[in-house]
Amino acid sequence: MNKIKQLAISESGFIFDPSTGHSYTANTTGAFILKQFALDKNESEIIEAVINEYEVDEVQVRQDLKSFEQEIQRQHLS
Amino acid sequence: MITVAISGINAIDNPGPGTGIARSLKLWAEQNNESVRIIGIAYDAMEPGIYMDWMIDQSYVMPYPSGHIENYKDRMAYIIHRENVDVWIPSLDVELPLFIGMKEDIKNMGVQVLLPSRSDFQAIQKNKLHLVAEKMGVKMPRGMEMTSEADLQSASEKYGFPMMVKGPFYEAQKVFNMDQAYKAFQELAFKWGYPILAQEYVSGDEYNLIGLSDGSGEDLGHLSVKKMMVTKQGKVWTNVSIRNEALESYVSAFLNEIPWAGGYELELIMDAQTQEFYMIEINPRFPAWVYMASYCGVNLPSRLVSKLMELPFEKNSEYDVGKMLIRYTGEMIKSISEFEKVTTLAES
């Protein structure tokens, strides 16, 4: 997840990769999670942060995080 | 006052770099309290740069570089004498072999010019580029030269479709079947002559790197971009400045291999699957989007002029990442009398 640290992630969810010039759009939750990855937080810490921030169910967060991580890998961002 | 003659002022849908170079020099003059006079060198009375009087101070129409060399030299000498030209920047690919051949004559005319050696110029031609790329440690799509339709058939069997069909100097077409391949082959051969090149198609985003060196192998500045949008002819319409370590490593790899003198542009594709770069072309001049680099902090035309005029200049490559260049269409309204002047006197 080192590459995520280099990303420019705005509050609006706009993400710019300065090494490839690619840009992406995430919703606010996605941007929040990416910022957590950029802070070097592990999966449990991120789940806890998301639950605290959005008051959502842990099982759901765990599932969503997994598919989000897969998407990050698919986009060569990890 | 520094007077600089610049060609490639054909700011059309497939633009030359001339107006970008002129704009860069005007920016440098404004930022440094210098005075620069731009002499536009055109080959046709319809080149828009001739009429862009806020950027080009005076223009002259030249005989074609493919014509009689003595006529070309006489016209150059006339312009240099008339305008007291200090620096001449030939910015079109087709001019370079001619300028390299008359390097001594140009010096004797009292004008400064930065040119690669003939062997360096030849080394980056499309049919030899794979040798340079190999030494630089960058991959290149497989390709072959073609002089007949039988060669084209053989290339299509080797590389499959889509495939790139390229002219020897300019233009490339992506073709999806044999009919399109024949059409592209014939069109490009008619326009540019042989050999035509066939190249394996690599799917991915296009990246360009602009740079400058002085023949010593020293990097005098560079900047990388990702193409965001291109025209039907593959020309940049929107770019974004980036910083990519792998891409930047090709600067020293290139200059170690070829001690280039002048502006240059590396064109690469990043394979969508593997994220590896493939070299597509090296252009022997600044690209048409050169002003973007100048605006972002790496003003290479001003560094070129400063180098030749023995003025101090920065050599760093510190620039703003995430800046976008966006081309747009615009119109000028001019009197027919201005066109009349250019067509009858070959100057404006």
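**Reasoning from values in a two-chain model**

Mentor: Of the contacts in chain A that join residues at least 6 apart in sequence, 39% link residues at least 24 apart. Keep in mind that this is a predicted model.

Trainee: What makes chain A as compact as a globular protein of its length?

Mentor: Its radius of gyration is 12 Å, and the globule rule gives 12 Å for 78 residues, so chain A is as compact as a globular protein of that length. The chain holds 3 helices and 3 strands, in the order β-β-β-α-α-α. Its C-alpha atoms fill a box of roughly 35 × 20 × 20 Å along the principal axes, and 40% of its 78 residues count as buried.

Trainee: Why is the pair of A:E11 and A:K35 called a salt bridge?

Mentor: The N to O distance between the two side chains is 2.7 Å, and the cut-off is 4 Å, so the pair qualifies. A:E11 lies in the loop between β1 and β2 of chain A and A:K35 in helix α1, so the pair ties together parts that are 24 residues apart in sequence.

Trainee: Are A:E11 and A:K35 buried, exposed or partly exposed?

Mentor: A:E11 has a relative accessible area of 65%; exposed means over 50%, so the label fits. A:K35, at 26%, is partly exposed because that class runs between 20% and 50%.

Trainee: What makes B:K227 buried?

Mentor: Its relative accessibility is 8%, and buried means under 20%, so the residue belongs in that class. The side chain of B:K227 meets that of B:E206 in a salt bridge of 2.9 Å, N to O. B:K227 is in strand β10 and B:E206 in strand β9 of chain B, 21 residues apart. B:E206 is partly exposed, at 28%.

Trainee: How do you know that B:K315 and B:E218 form a salt bridge?

Mentor: Their closest N and O atoms are 3.4 Å apart, which is within 4 Å, so the rule is met. B:K315 lies in the loop between α11 and β14 and B:E218 in the loop between β9 and β10 of chain B, so this pair ties together parts 97 residues apart in sequence. Over all chains the structure holds 22 salt bridges.

Trainee: How many salt bridges cross the interface of chain B and chain A?

Mentor: The rule finds 0 there, but 5 residue pairs are in polar contact. The two chains bury about 740 Å² between them, 54% of it on carbon and sulfur atoms. In chain B, B:K226, B:I242 and B:Q275 lose the most area, together 37% of what that side buries.

Trainee: Why is B:N244 called buried?

Mentor: It has 9% relative accessibility, and the limit is under 20%, so it is buried. B:N244 sits in the loop between β11 and α9 of chain B. Its side chain reaches the backbone nitrogen of B:A246 at 3.0 Å and that of B:L247 at 3.1 Å. Beyond four places in sequence, B:N244 contacts A:S19, B:M270 and B:F277.

Trainee: Why does B:I282 count as buried?

Mentor: Its relative accessible area is 4%, under the 20% limit, so the label holds. B:I282 is in strand β13 of chain B. Its contacts beyond four places in sequence include B:I124, B:F254 and B:L266.

Methods
Residues are numbered from 1 along each chain as its sequence is written. Chains are lettered from A and ligands numbered from 1 in the order in which they are written. This is a predicted model: local features need pLDDT of at least 70, side-chain atom pairs count only at pLDDT 80 or more; totals for chains, interfaces and linings use all residues. Side-chain values use heavy atoms; hydrogens and water are left out. Buried area is the accessible area (1.4 Å probe) that two parts lose on being put together, summed over both. A polar contact is a pair of N or O atoms within 3.5 Å; within protein, one must be able to donate a hydrogen and the other to accept it, and residues adjacent in sequence count only if both atoms are side-chain atoms. Helices (H or I, at least four residues) and strands (E, at least two) are DSSP runs, numbered from the N terminus. Buried means under 20% relative accessible area, exposed over 50%, partly exposed in between (1.4 Å probe, protein chains only). Contact means heavy atoms within 4.5 Å. The radius of gyration is taken over C-alpha atoms; the globule rule is 2.2 Å times the number of residues to the power 0.38.
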